[in-house]
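Subject: Structure for you to look at

Hello,

Here is the structure I promised. Please open it and keep it beside you as you read my notes.

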Amino acid sequence: VLKLFKLLHRTRQEVFKNDTRALEAARQKINEEFRNNQNETSEEKINELLQIASDVEMILRTSVIQAVHTDSDKI
């Protein structure tokens with residue numbers, strides 16, 4: 001669980017580099033989700049939550065695109 005938690009935060013830092021608002025929002029959401037489920041004892045539910053977190057990490061890494069505004073009419 002801790003390994004996946006750290007991986008999500010590393011991915012967040014890479015994907016949202018230089019976007020402080022997105023970095024903070026993602027940090028809060030990751031921490032909130034893990035905190036809300038920290039007392040879960042069902043092995044089946046824990047495995048399901050870990051799979052969801054793993055899927056989210058993969059989606060962040062492969063599907064999020066950040067554009068940089070370079071000129072008044074160009075991105």
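**Helix H2**

The buried residues of H2 are Ala22, Leu23, Ala26, Ile30 and Asn31. Look down the axis of H2: these residues fall within an arc of 155°, so they line one face of the helix. Please bear in mind that this is a predicted model.

The other side of H2 is exposed at Thr20, Arg21, Arg35 and Asn36. H2 is made of 17 residues. From first C-alpha to last, H2 reaches 24 Å, close to the 24 Å expected at 1.5 Å a residue. What covers its buried residues? Helix H1 is part of that cover.

Now pick out Asn31, which sits in helix H2. Its relative accessibility is 16%. The cut-off for buried is under 20%, so Asn31 counts as buried. Leave aside residues up to four places away in sequence, and Asn31 touches Phe5 and His9.

**Helix H1**

Next, find H1, which runs over residues 2–15. H1 has 14 residues. Its span from first C-alpha to last is 20 Å, close to the 20 Å expected at 1.5 Å a residue.

Which residues of H1 are buried? They are Leu4, Leu8, His9, Thr11, Arg12 and Val15. These residues cover an arc of only 160° around the axis, which puts them on the same side of H1. The face turned away from that buried side carries exposed residues: Leu2, Lys3 and Glu14.

The cover over the buried residues of H1 includes two helices, H2 (20–36) and H3 (43–63).

Arg10 also belongs to helix H1. Is Arg10 buried, exposed or partly exposed? Its relative accessibility is 48%. Exposed means over 50% and buried means under 20%, so Arg10 counts as partly exposed. Arg10 also shows how the fold brings distant parts of the chain into view together. Arg10 and Glu57 are 47 residues apart in sequence. In space, they are 9.6 Å apart, C-alpha to C-alpha.

**How H1 packs against H2**

Turn the model until you can see H1 and H2 together. They pack at an angle of about 170°, and their axes are 10 Å apart. Over 145 degrees counts as roughly antiparallel, so that is the label for H1 and H2. The crossing of H1 past H2 is right-handed.

Which residues make the contact? From H1 come Phe5, Leu8, His9, Arg12 and Gln13. From H2 come Leu23, Ala26, Arg27, Ile30, Asn31 and Phe34. Asn31 is thus a buried residue of H2 that takes part in the contact with H1.

**How H1 packs against H3**

Now compare H1 and H3. The angle here is about 20°, with the axes 10 Å apart. Under 35 degrees counts as roughly parallel, so H1 and H3 are roughly parallel to each other. H1 passes H3 in a left-handed crossing.

On the H1 side, the contact is made by Leu4, Leu7, Leu8, Thr11 and Val15. On the H3 side, it is made by Leu50, Ala53, Ser54, Val56, Glu57, Leu60 and Arg61. Leu8 of H1 appears in the contact with H2 and in the contact with H3.

Best wishes

Conventions:
Residues are numbered from 1 along each chain as its sequence is written. This is a predicted model: local features need pLDDT of at least 70, side-chain atom pairs count only at pLDDT 80 or more; totals for chains, interfaces and linings use all residues. Side-chain values use heavy atoms; hydrogens and water are left out. Helices (H or I, at least four residues) and strands (E, at least two) are DSSP runs, numbered from the N terminus. The expected span of a helix is 1.5 Å times one less than its number of residues. Buried means under 20% relative accessible area, exposed over 50%, partly exposed in between (1.4 Å probe, protein chains only). The arc is that of the directions from the helix axis to the C-beta atoms. Contact means heavy atoms within 4.5 Å. Axes are lines fitted to C-alpha atoms, for helices over the stretch in contact, and angles run from 0 to 180 degrees between N-to-C directions. Angles under 35 degrees count as roughly parallel, over 145 as roughly antiparallel, 65 to 115 as roughly perpendicular and the rest as oblique. A crossing is left-handed if the near helix is turned anticlockwise from the far one by less than a right angle, and right-handed if clockwise.
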